[in-house]
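Here is a short report for a first look. Please keep the sequence and the 3D view at hand while reading.

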Amino acid sequence: PEKFLPDLQGPQTKGVIDNAAFETLTISPSKQFLFTATESPLFQDDTPADFTKGASSRVIRYRLKGTPVADGEFVYNAEPNLMRPGATLDDDGGNGVSDMVALSDRELLVIERGGVVIDGQWRQHICLFKAVIQDHATDVSSQASLKEKFFVPMEKELLIDFDTVIPLLSVPWQSLDNIEGI
């Protein structure tokens, strides 16, 4: 849709943010729907998630039966980025949706990946959530911008914070890299 296309000339006023566009693609097990999501909010919706706040990404659901057509657009609220000890506000690498896997026509596994630079070294923070497009979630497909709009986002539940898993691994494997897939 037009609202996802960034300006080709002049200062950006709309569209996906550079290097924070679509990183996800998944088909529901029923093969009825295809889902994709922006890593971060659209330019006109919000600024990306950082140490101080989360941010709203858009999840697009396409109906695959017959001619594929967008069937709905829903808001997924990413968490604020984790500010690790020793980090300053200048070290913030943001947080966003890295990948999704459809569990059903309404349920998704979602990887959120954030990071911070401490002493010149990139440190990831990765969480796995289950998100649901519930009946009362707002379809925001008609909204060019989400600023100052009321909407009901998708519900989500934390399944794994990988920071809790790392200490359980053998020493050579106690780190996370740039996870971009499930």
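Which residues in the largest nonpolar core touch the most other members? The model examined here is predicted.

## The nonpolar core

The largest nonpolar core holds 18 residues. Those that touch the most other members are F35, V59, Y76, M100, L108, V110 and M154. Two or more residues each come from β2 (33–37), β4 (69–78), β5, β6 and β7.

M100 has a long list of partners beyond its neighbours within four places in sequence. T24, L25 and T26 are among them. So are F35, T36 and A37. V59, L108, L109, V110 and I182 complete the list.

## Strand β6

Strand β6 covers residues 107–118. Buried here means under 20% relative accessible area. By that cut-off, 10 of its 12 residues are buried, so β6 is largely enclosed by the rest of the structure.

## Partners on either hand

Strand β5 spans residues 92–102. It runs antiparallel to β6, and 8 bridges join the two. One pairing to look for is D99, whose bridge partner in β6 is I111. A hairpin of 4 residues links β5 to β6.

Strand β7 takes in residues 121–132. It also pairs with β6 in the antiparallel sense, over 12 bridges. Here G114 stands opposite H125 in β7. The β6–β7 hairpin has 2 residues between its strands. In that turn, D119 has a positive phi of about 50°.

## Back to the core

β5, β6 and β7 are thus linked by pairing, and each gives two or more residues to the core.

Conventions: Residues numbered from 1 in each chain as written. Predicted model: local features only at pLDDT ≥ 70, side-chain atom pairs only at ≥ 80, totals over all residues. Heavy atoms only, no water. Buried < 20%, exposed > 50% of the residue type's maximum accessible area, 1.4 Å probe, protein only. Pairing = 2+ DSSP bridges. Core = buried A, V, L, I, M, F, W, Y, C linked by side-chain atoms within 4.5 Å. Contact = heavy atoms within 4.5 Å.
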